[in-house]
Amino acid sequence: MDIARQDRSIRPELEAAIGRVIDRSRFILGAEVEAFEQAFAAYCGVAHALGVGSGTDALQVALLACGIGPGDEVITVSHTSPATIAAIELTGAGAVPIDIDPRRFTMDPGRIAAACTPRTRALLPVHLYGQPADLGPILEFAARRGLPVIEDCSQAHGARYREKSVGAWGRIAAFSFYPTKNLGAYGDGGAVVTDDPQLAERARQIRQYGWDAGRVSRRKGINSRLDEIQAAILGVKLRRLEGWNAERRRLASMYDSRLTAKTLTTPYAAPDSIHVYHAYVIRHPRRDALRAHLAQRGISSAIHFSPPVHLHPGFSNLAGFSAGLPESEAAAREVLTLPLFPGMREDELQQVVDAVTAF
Ligand SMILES: Cc1ncc(COP(=O)(O)O)c(C=O)c1O
């Protein structure tokens, strides 16, 4: 991804936004954060958004706001960023990863029931690569059991499931604004979004020492605040997000129609959703050899993610789930992310297609 190229046309606006913050000399939780929170909530179609320090923090704050802590279990996936599982464990709760639907790369709703125990307190699906998880059956199951759904939208800004945006379906949701995301800051950042005013207030307190408006700590909190410079940058970029997502979709459809080799699988785009291609991920049985072939031709690629989280040494506590996650482990062996970003030229895309096809 070439962020400088994507942002070239808006550089004067970004510099003006940063200059405004320096002139005002308020750097934490000020007018820029408030304005961005309002704009981002409206964009997602929810009542409340809260800027926090990262996507991991957004998940942690959302979980804590739902009252999740030691002794609780949260059902999620292992084919995700380690951040998803780390956030659950930071609350003291246990993560229970289930397998994915191999076409969609997201939580397989058919496997939730078997993973549920009396300790289950929430479901945490991840909208991976820009494609919404199959939220319908996940929400139905959650409603039957009285469980909250917490959405990890870190890779899916602007993606839609049926008629609504991701982040507007669950009880609460988390976004990351890591620089390479579809909506990225120039540093770390994240947001918690929800329609529920009580949850929003709890999350607001948790993000800053448990403080209420009078700076009295009402509960245990952390310190995770979006800073004014990042909020000002995000405000400028949010106005471009729909256009950038449309460009990602246009590039993805070019790849789809040109990558015709039978040995590879192009991304599935579910008809119930609008995929925003945070990552254009193909599957190939000889993924590592293909990756080396591309590298020799000066084409960078990436692997999102391998190994699955339960096979990282730092998450050896999850190793017991291994036997139950064959689709996650197979995906980790075969996925390859090809270059795709707003501003990518058609001749560059064709160069990637030619190199993949030659392989
Ligand atoms: C699916 C997913 N969840 C959570 C995160 C964590 O976001 P951050 O890096 O902003 O903490 C990421 C980002 O890398 C992600 O891709």
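In this predicted model, three elements, α4, α5 (82-90) and β14 (335-338), each supply at least two residues of the lining of the largest pocket. The top contributor is α4, which gives three residues to that lining. The volume of the largest pocket is about 590 Å³. Its lining is made up of 34 residues, and those closest to the pocket centre are Gln155, Thr180, Lys181, His278 and His304. Sorted by class, the lining of the largest pocket comprises 14 nonpolar, 16 polar and four charged residues. Because domain 1 (3-98 + 107-238) and domain 2 (241-358) both give residues to this lining, the largest pocket lies between the two domains.

His304, one of the residues closest to the centre of the largest pocket, also takes part in a cis peptide bond. The bond runs from His304 to Phe305, and its omega is near 5 degrees. Phe305 sits in the loop between α11 (287-296) and α12 (326-334). A further cis peptide bond joins Ser306 to Pro307, with omega about -5 degrees. Pro307 is likewise found in the loop between α11 and α12. As background, most peptide bonds are trans.

The second largest pocket has a volume of about 410 Å³. Sixteen residues line it, and Arg26, Leu29, Arg207, Gln208 and Trp211 lie nearest its centre. Both α3 (31-44) and α8 supply at least two residues each to the lining of the second largest pocket. This lining divides into five nonpolar, two polar and nine charged residues.

Leu29, named above among the residues nearest the centre of the second largest pocket, has a backbone feature to note. Its phi is near 45 degrees, which is a positive value in a residue other than glycine. Leu29 belongs to the loop between α2 (11-24) and α3. In general, most residues other than glycine have a negative phi.

Helix α4 contributes to the lining of the largest pocket, and helix α8 to that of the second largest pocket. How do these two helices pack? The axes of α4 (residues 55-65) and α8 (residues 197-206) come within 9 Å of each other, and they cross at roughly 125 degrees. That angle makes α4 oblique to α8. The crossing of α4 past α8 is right-handed.

The structure also holds one cavity of 30 Å³ or more. The space in the largest cavity amounts to about 50 Å³. Its lining consists of Arg104, Phe105, Leu128, Tyr129, Gln131, Pro267, Tyr268, His275, Tyr277, Ala279 and Val281. By class, eight of the lining residues of the largest cavity are nonpolar, two are polar and one is charged. Domain 1 (3-98 + 107-238) and domain 2 (241-358) both give residues to this lining, so the largest cavity lies between them.

The table sets out the volumes and lining classes.

| Space | Volume | Lining residues by class |
|---|---|---|
| Largest pocket | about 590 Å³ | 14 nonpolar, 16 polar, four charged |
| Second largest pocket | about 410 Å³ | five nonpolar, two polar, nine charged |
| Largest cavity | about 50 Å³ | eight nonpolar, two polar, one charged |

Conventions
Residues are numbered from 1 along each chain as its sequence is written. This is a predicted model: local features need pLDDT of at least 70, side-chain atom pairs count only at pLDDT 80 or more; totals for chains, interfaces and linings use all residues. Side-chain values use heavy atoms; hydrogens and water are left out. On a 1 Å grid over the protein atoms alone, a cavity is a set of points where a 1.4 Å probe fits but cannot get out, and a pocket is an open set with protein on both sides within 12 Å along at least five of seven lines; lining residues have an atom within 4 Å of a point. Grid points are joined across faces, edges and corners, and a volume is the space filled by probe spheres set on the points. Ala, Val, Leu, Ile, Met, Phe, Trp, Tyr, Cys and Pro count as nonpolar, Asp, Glu, Lys and Arg as charged, and the others, Gly among them, as polar. Domain bounds come from an automatic or database domain assignment. Axes are lines fitted to C-alpha atoms, for helices over the stretch in contact, and angles run from 0 to 180 degrees between N-to-C directions. Helices (H or I, at least four residues) and strands (E, at least two) are DSSP runs, numbered from the N terminus. Angles under 35 degrees count as roughly parallel, over 145 as roughly antiparallel, 65 to 115 as roughly perpendicular and the rest as oblique. A crossing is left-handed if the near helix is turned anticlockwise from the far one by less than a right angle, and right-handed if clockwise.
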